[in-house]
Amino acid sequence: MSYLVGHWATGHLGRQSLRAIIEHPDLELAGVVVGDHREAGLDAAELAGTGRPTGVLATEDPAPLLALRPHVISHTAYGQGRVVDDVCRILESGAGVVTNALPPKPSADPAAARRLRAACATGGAACLATGPGPMTDMLPLLLSGASLHLDGIKITEVMCYARREEVREFGFGGPIGHRPPVVRPGVPTLMWGPMIRLIADQLAVPLDDFDETHELCPAPESFDVPAGRIAKGTTAGLRFQVSGMLGGRPVITVEHVARLREDLAPHWPAPPFGEPGGHRVEIAGEPPWRLDVASPGAADPSVPGTLATALRLVNAIPAVAEARPGLHTPLTLPPFTGRRRLRRATR
């Protein structure tokens, strides 16, 4: 079955999502909504970086797209309260929504959840907030199903950001005593807490609280990266953790390790298989488990992660189109697979 699909927002992740929609054999692109007037009137193919023009021109006005009654709209636009306003408008029109701009645990914001549920009921539509990827929800839960006893779960993401041109969020190049924006009090829990609660709910773990920790690594000497000069003694590595606590101990932890060079902080977790980036899922219990995931050959390890987030959104569209109205998580719908993505061998 073919699904009529719209796309909303063309940031870095949004462009990757748009390309995936254009190239998906079961999806037909109906329209593209942009927030930059310079992009209005451009063909979707130009925005997505694909070849053949689609004939679908971007617009700043979402009304024409909503009037076409698409099955689902892929929404990747961030913007505080505007996200809920925009998503509610889409849902009330009768179109489903897949988005990474809302927390995957609806109860993370009860007021927003009430508005979204009401919009789903009005339009008879489904809304899915996906979260960053299966490493932080599906894979840990699947491994937990092979356990007799669970003592704890830890999910670690390790990345080298040497090729990124924007690294201010990690505090790279800043004073070693300065707290980077990404680890200011409450920010890590805001980012990762919904995923931890999602796992905790599935495991019937009544979390007491959250705990945040972080460490910084100074540059051992001055060096250059695309983002600029990193002076000796300034921040060149960041490691932070968010833990769901039970009885005073961490039971579900998400950890992120960010470096500007792979040789920095060798005592911190290293990416698996000698690659520049990847994920590790560890389950302490009986029996213990460890699952390593990497993207071999990726020169910039942050790219596969961003692309995975975009592809998870797009590959979920058929499931959302067929889902019952209401709010969904990646655990309330059938698995999002690479259905129809296998290419024929070329000679």
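## Salt bridges

A salt bridge here is a side-chain nitrogen of Lys or Arg within 4 Å of a carboxyl oxygen of Asp or Glu. The model is predicted. A search of the whole structure finds 16 such pairs.

One of them joins Glu 39 to Arg 15, with the closest N and O atoms 2.7 Å apart. Glu 39 sits in the loop between β2 (27-33) and α2 (44-48), and Arg 15 in helix α1 (residues 12-23), so the bridge ties together parts 24 residues apart in sequence. Glu 39 has 11% relative accessibility and counts as buried, because the limit for buried is under 20%. Arg 15 is partly exposed, at 31%.

## Further pairs and a network

Asp 36 bridges to Arg 38, and their closest N and O atoms are 2.8 Å apart. Asp 36 is partly exposed, with 21% relative accessibility. Arg 38 has a relative accessible area of 63%, so Arg 38 counts as exposed, the cut-off being over 50%.

Glu 169 and Arg 164 also meet through their side chains, at 3.0 Å from N to O. Both ends of this bridge are partly exposed: Glu 169 has a relative accessible area of 36%, and Arg 164 has 23%.

Salt bridges also form a network. Its members are Lys 154, Glu 215, Arg 239 and Glu 255.

## The second largest pocket

The second largest pocket has a volume of about 340 Å³. Its lining has 13 residues. Pro 134, Ala 308, Arg 312, Asn 315 and Phe 336 lie nearest the centre of the pocket.

Which helix gives the most to the lining of this pocket? Helix α8 (residues 302-315) does, with six residues. By type, the lining of the second largest pocket divides into nine nonpolar residues, three polar and one charged.

## Arg 339

Arg 339 is found in the segment after β15 (326-328). Is Arg 339 buried or exposed? Its relative accessibility is 62%, so Arg 339 counts as exposed.

Arg 339 touches His 24 and Asp 26, leaving aside residues up to four places away in sequence. Arg 259 is 80 residues from Arg 339 along the chain. The C-alpha atoms of Arg 339 and Arg 259 are separated by 35 Å.

Note on methods
Residues numbered from 1 in each chain as written. Predicted model: local features only at pLDDT ≥ 70, side-chain atom pairs only at ≥ 80, totals over all residues. Heavy atoms only, no water. 1 Å grid on protein atoms, 1.4 Å probe; cavity = no way out; pocket = protein on both sides within 12 Å on 5 of 7 lines; lining within 4 Å. Points joined across faces, edges and corners; volume = space filled by probe spheres on them. Helix = DSSP H or I, 4+ residues; strand = E, 2+ residues; numbered from the N terminus. Nonpolar A, V, L, I, M, F, W, Y, C, P; charged D, E, K, R; others polar. Buried < 20%, exposed > 50% of the residue type's maximum accessible area, 1.4 Å probe, protein only. Contact = heavy atoms within 4.5 Å.
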